[in-house]
Amino acid sequence: MRILKPSPAAILKAAQALRAGQLVVIPTETVYGLAADATNPEAVRKIFAAKQRPSDNPLIVHISDLAQLEAVAGAIPDSAKKLMKRFWPGPLTLVLPKKTSVPEEVTAGLDTVAVRMPSHPVALEVIQVAGTPLAAPSANRFMRLSPTRAENVERAIADQAEMILDGGPCKIGLESTVLDCTEEVPRILRPGGITRANIQAALGYPLGEVPASGERRSPGMYGRHYAPLTPLVLVEQVGGDDAGLIFGNTQNSNQISMPPSAAAYSAVLYDALHRLDQRKVSTIYVQMPPETAEWEAVLDRLRKAAEK
Ligand code: TXA
Ligand code: MG
């Protein structure tokens, strides 16, 4: 596996590989992404093959400037314009009406496209030098943990990519917030780095709710997801002999003490689960974080990981 420091030469190489239709693992502020040229259907198909991802699960298009937005999205609503101004570059993905030039491989045949401008300097530079928007899902196999460090990218993914650019540990650590902006009132399809409260404050009104059943608006909203290989159970208290994630002092070497704030917890969650996975413990017990709005994204990921 080729993990490269993101020197100007390595970034140029990555950009060239992407232009040639190959895959590159890039760092973002949320999680590492498995990137391909979003304008090249054949390159995008390689992402689905490498991840063993169902083809009905659309990808996020990553841009480095607003000129690229015009090439992928049409009729941008005022709400989306406001949010871009406030939160881009950053961990907010906006679902917008798509332009016909976006390959259907990227959007899984939908008439909308998910777009975000990442804030990680290496991601921005790669997109800029490649001169094309990049389609990039998290760099994990379908249903597995997203990598938040270059060395946590599984071999099965790494082998399909030209290289991994090492941008250090991801600062946010959970995938971006996905916000549907195609309806009158925007709604969160996936909670993430930018909270509901952040978005509502920027818009000045409450967000809509996604109906629990009915049409599956975000095809990525499966039950079980983001899961370690080891069974994960959410509990009020982790037993003294059990392995898992706890608040406060650890009672054995298979416990990891987690930070008390939601942002700091998010930043280390996937790496902590990855580490326990590697120790081959039989069950990972996770002490339930506070059930408050701040913790929405963390609770979403933990509940999905705990799903049978
Ligand atoms: O933080 C992130 O968003 C990371 C980094 C690499 O940018 N990427 C990521 O991609 O998490 P992925 O493919 O693992 O998740 C994309 C999510 C899925 O839940 C997918 O269903 C949703 O975005 N999505 C993509 N296009 C959509 C669309 N047109 N309409 C609704 N949901 C969409
Ligand atoms: Mg993913």
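In what order do the ten strands of the open sheet stand, and what is the pairing? In this predicted model, the order runs E1-E8-E2-E3-E7-E4-E6-E5-E9-E10, and the pairing is mixed. That sheet is a good place to begin a walk through the structure.

Start at its edges. These belong to strand E1 (3-4) and strand E10 (187-190); each has a single partner strand, so one side of each is left without a neighbour in the sheet. Moving inward from E10, you come to strand E9 (residues 177-180), which pairs with strand E5 (residues 92-97) in the parallel sense. Four bridges hold this pairing, and if you would like a register point to look for, Val95 stands opposite Asp180 in E9. A helix also packs on the ten-stranded sheet: H2 (residues 41-51) touches strand E3 (33-37) and strand E7 (134-135). The direction of H2 makes about 155 degrees with that of E3.

Now follow the chain towards E5, where two backbone features deserve a pause. In the loop between helix H3 (66-72) and H4, Ala75 has a positive phi of about 40 degrees, although this residue is not a glycine. On the other side of H4, in the loop that leads to E5, you will find Pro89. A cis peptide bond joins Trp88 to Pro89, with omega at about -5 degrees.

Helix H4 itself is worth a look for its partner. Which helix has an axis that comes within 10 Å of the axis of helix H4 (residues 78-87)? The partner is helix H8 (residues 196-203), and the two axes cross at roughly 115 degrees. This crossing is right-handed. From H4, the contact takes in Ser79, Lys82, Leu83, Arg86 and Phe87, while H8 brings Asn198, Ile199, Ala202 and Leu203. Sorted by character, the contact residues are five nonpolar, two polar and two charged.

Let us turn to the other sheet. Here four strands form an open arrangement in the order E11-E14-E12-E13, and the pairing is parallel. Strand E11 (232-235) and E13 are the edge strands, each pairing on one side only. On average, neighbouring strands of this sheet are turned by 30 degrees against each other, direction ignored. Helix H10 (residues 296-306) packs on the sheet and touches E11 and E14; the angle between the directions of H10 and E11 is about 125 degrees.

Within this sheet, E12 makes a handy reference. Strand E12 (residues 244-247) runs parallel to strand E13 (residues 255-258), and four bridges join them. Towards strand E14 (residues 284-287), E12 also pairs in the parallel sense, over two bridges. Where do the two pairings meet in a single residue? Look at Gly244: its bridge partner in E13 is Gln255, and in E14 it stands opposite Tyr285. Helix H10, already met on the face of this sheet, has a helical partner too. Helix H9 (residues 262-278) packs with H10 at an angle of about 35 degrees, and their axes lie 9 Å apart. The crossing of H9 and H10 is left-handed. In H9, the residues that meet H10 are Ala262, Tyr265, Ser266, Leu269 and Tyr270; their counterparts in H10 are Val298, Arg301 and Leu302. Six of the residues in this contact are nonpolar, one is polar and one is charged.

The tour ends with the spaces in the structure. How many cavities of 30 Å³ or more does the structure hold? There is one, with a volume of about 40 Å³. Its lining includes Thr177, Ile188, Pro191 and Gly192, along with Ile194, Thr195 and Arg196. Ala293, Glu294, Glu296 and Ala297 also line the cavity. The lining divides into five nonpolar, three polar and three charged residues.

As for open spaces, the second largest pocket encloses about 320 Å³. It is lined by 20 residues, and those nearest its centre are Glu154, Leu229, His274, Asp277 and Gln278. Eight of the lining residues are nonpolar, six are polar and six are charged.

Terms used. Residues are numbered from 1 along each chain as its sequence is written. Chains are lettered from A and ligands numbered from 1 in the order in which they are written. This is a predicted model: local features need pLDDT of at least 70, side-chain atom pairs count only at pLDDT 80 or more; totals for chains, interfaces and linings use all residues. Side-chain values use heavy atoms; hydrogens and water are left out. Two strands pair if DSSP finds at least two bridges between them. Axes are lines fitted to C-alpha atoms, for helices over the stretch in contact, and angles run from 0 to 180 degrees between N-to-C directions. A crossing is left-handed if the near helix is turned anticlockwise from the far one by less than a right angle, and right-handed if clockwise. Contact means heavy atoms within 4.5 Å. Ala, Val, Leu, Ile, Met, Phe, Trp, Tyr, Cys and Pro count as nonpolar, Asp, Glu, Lys and Arg as charged, and the others, Gly among them, as polar. On a 1 Å grid over the protein atoms alone, a cavity is a set of points where a 1.4 Å probe fits but cannot get out, and a pocket is an open set with protein on both sides within 12 Å along at least five of seven lines; lining residues have an atom within 4 Å of a point. Grid points are joined across faces, edges and corners, and a volume is the space filled by probe spheres set on the points.
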